[in-house]
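Biologist: Could you put the model up and walk me through it? I would like to start with the packing and then move on to the strands.

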Amino acid sequence: QVQLAESGGGLVQAGGSLRLSCAASGSTFSSLAMGWYRQVPGKQREPVATINSDGSTNYADSVKGRFTISRDNAKNTVYLQMNSLKPEDTAVYYCNGRIIRFDWGQGTQVTVSS
């Protein structure tokens with residue numbers, strides 16, 4: 001079982017940047033397709049960006065050109081660089097497997113003020 005711990009969220013003004021980190025336990029991390037997801041109260045959790053074991057990536061249309069997902073297999077960590085943040089990016093951000101899902105972590109709150 002992989003355990004996930006997100007960090008790096010905070011309060012930022014519109015146009016600002018944040019870098020989220022997701023530390024994963026377990027020795028199989030490098031073979032896992034991973035993703036970042038976000039959720040706002042009253043809405044379903046939605047995918048933001050995914051990265052496969054070969055490093056290929058996909059993004060939700062709403063974040064293309066602004067967010068970048070990356071991974072460091074030596075550190076068992078997935079990152080989400082978020083630039084040009086908008087108020088509508090405000091959410092709790094989570095990481096998890098893209099294909100194989102594990103227990104959700106606590107997430108990290110991102111709040112973008114206008």
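Modeller: Contact here means heavy atoms within 4.5 Å. This is a predicted model, in which local features need pLDDT of at least 70 and side-chain atom pairs count only at pLDDT 80 or more, while totals for chains, interfaces and linings use all residues. Residues are numbered from 1 along each chain as its sequence is written, and side-chain values use heavy atoms, with hydrogens and water left out.

Biologist: OK, so which residues does Met82 touch?

Modeller: Not counting residues up to four places away in sequence, Met82 touches Gly16, Ser17, Leu18, Leu20, Arg66, Phe67, Tyr93 and Val110.

Biologist: And which residues have the most contacts inside the largest nonpolar core?

Modeller: Those are Trp36, Leu80, Met82 and Tyr93, in a core of 27 residues. A nonpolar core is a set of buried Ala, Val, Leu, Ile, Met, Phe, Trp, Tyr and Cys residues joined through side-chain atoms within 4.5 Å, where buried means under 20% relative accessible area, exposed over 50%, and partly exposed in between, using a 1.4 Å probe and protein chains only.

Biologist: Which strand gives the most to this core?

Modeller: Strand S3 does, with four residues; strands are DSSP runs (E, at least two residues) numbered from the N terminus.

Biologist: Where does S3 sit in its sheet?

Modeller: The open sheet has four strands in the order S1-S3-S8-S7, with antiparallel pairing; two strands pair if DSSP finds at least two bridges between them. Strand S1 (4-7) and S7 stand at the edges with a single partner strand each, so one side of each is left without a neighbour in the sheet.

Biologist: How many bridges join S3 to S8?

Modeller: Six bridges join these antiparallel strands, and the bridge partner of Cys22 in S8 is Val78.

Biologist: Switching to S9, how many of its residues are buried?

Modeller: Six of the seven residues in S9 (residues 91-97) are buried. S9 runs antiparallel to strand S4 (residues 34-39), to which six bridges join it, and Val92 in S9 stands opposite Gln39. Three bridges also join S9 to strand S10 (residues 108-113), again antiparallel, with Thr108 as the bridge partner of Tyr93.

Biologist: Last topic, the loops: is Asn76 buried or exposed?

Modeller: Asn76 is buried, with a relative accessible area of 18%, and lies in the loop between strand S7 (67-72) and strand S8 (77-82). Its phi is near 50 degrees, a positive value in a residue other than glycine. Most residues other than glycine have a negative phi.

Biologist: And what about Ser84?

Modeller: Ser84 also has a positive phi, of about 50 degrees, but is partly exposed, with a relative accessible area of 40%, in the loop between S8 and S9.
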